[in-house]
Amino acid sequence: MPWEIDRDEAFEKALKGLQKRFPNAEEDILDVFKGGHPARTDPIPKFEEKLWKGRVRSSDARRGASGGFRVIYYWDKSSPNWCCLGTFYFKGDYENLPNDDLNRLFISVKGRFERLLREQAEKEKTQSGEEPDEGSAGG
C-alpha cells in the first residue's frame with residue numbers, strides 16, 4: 001500500500017510564512033516523508049505516540065537535520081501508511097512549540113485521521129453492498 005501524506009491547515013500556513021526565507025522548504029520536507037515514516041523522529045510525550053517531531057535538513061539555510069526544520073506530524077501505528085503533516089518551524093526560530101499550540105494541533109490532526117477512518121469504513125460498506133450508517137452522510 002502506498003504512503004499517503006495529508007497536510008493540516010497549520011502546515012500550509014507555516015509553509016506560506018516561511019517560503020520567502022526558505023523557498024525549498026516544501027521540497028526538503030516532502031523528500032524526507034515521501035518514503036514513509038522518517039527515521040529522524042521522536043514521539044512527543046503526552047500524545048499517545050501519535051504526534052511526532054521530525055528533523056529535516058534545510059537546503060536553503062545549508063543546515064543539516066539537527067539545525068534545520070522541525071516537522072510536527074500525526075502518525076498512528078494502526079494506519080502505518082498515512083500521516084498528516086501538522087506544522088513545521090525553523091530550529092533557529094524556536095526550540096519547541098508551546099504546549100497550547102501542540103494541543104490544538106493534536107486535536108485538529110487527530111480529527112482528520114478519525115474522519116478518514118470513518119470515510120474508509122463507509123466506502124468499504126458501500127462497496128460490499130451494506131447500508132451506510134445513518135447520520136454519516138456529509139459529515
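Here a biologist and a modeller talk through some labels given to this predicted model.

Biologist: Let's start in the middle of the sheet. What makes strand β4 largely enclosed by the rest of the structure?

Modeller: Six of the six residues of β4, residues 69-74, are buried, so the strand is largely enclosed. Buried here stands for under 20% relative accessible area.

Biologist: Which way do those side chains point from β4?

Modeller: Phe69, Val71 and Tyr73 point one way, while Arg70, Ile72 and Tyr74 point the other way. All of them are buried.

Biologist: How do you know that β3 and β4 count as paired strands?

Modeller: Pairing takes at least two bridges found by DSSP. Six bridges join β3 (residues 51-56) to β4, so the pair qualifies. These two strands run antiparallel, and Lys53 has Ile72 of β4 as its bridge partner.

Biologist: And what joins β4 to β5?

Modeller: Six bridges again, with β4 and β5 running antiparallel. Phe69, for instance, has Phe90 of β5 as its bridge partner.

Biologist: Now to the loops. Why is Glu49 called partly exposed?

Modeller: Its relative accessible area is 41%. Partly exposed covers what falls between under 20%, which is buried, and over 50%, which is exposed, so Glu49 gets the middle label. Glu49 sits in the loop between β2 (41-43) and β3.

Biologist: Why is Arg62 called exposed, then?

Modeller: Exposed needs over 50%, and Arg62 has 77% relative accessibility, so Arg62 counts as exposed. Its place is in the loop between β3 and β4.

Biologist: What is notable about phi in Glu49 and in Arg62?

Modeller: Phi of Glu49 is near 55 degrees, a positive value in a residue other than glycine. Phi of Arg62 is likewise near 55 degrees and positive. Most residues other than glycine have a negative phi.

Biologist: Let's finish with the largest pocket. How much space lies in it, and which residues are closest to its centre?

Modeller: About 300 Å³. Of the 15 residues lining the largest pocket, Ala10, Ala14, Thr87, Phe88 and Leu97 are the closest to its centre.

Biologist: Which elements each supply at least two residues of that lining?

Modeller: Those are α1 (9-18), β5 (82-90) and α3 (99-128).

Biologist: How do the lining residues divide into nonpolar, polar and charged?

Modeller: Ten are nonpolar, one is polar and four are charged. Ala, Leu and Phe count as nonpolar, so Ala10, Ala14, Phe88 and Leu97 of the lining belong with the nonpolar residues.

Key:
Residues are numbered from 1 along each chain as its sequence is written. This is a predicted model: local features need pLDDT of at least 70, side-chain atom pairs count only at pLDDT 80 or more; totals for chains, interfaces and linings use all residues. Side-chain values use heavy atoms; hydrogens and water are left out. On a 1 Å grid over the protein atoms alone, a cavity is a set of points where a 1.4 Å probe fits but cannot get out, and a pocket is an open set with protein on both sides within 12 Å along at least five of seven lines; lining residues have an atom within 4 Å of a point. Grid points are joined across faces, edges and corners, and a volume is the space filled by probe spheres set on the points. Helices (H or I, at least four residues) and strands (E, at least two) are DSSP runs, numbered from the N terminus. Buried means under 20% relative accessible area, exposed over 50%, partly exposed in between (1.4 Å probe, protein chains only).
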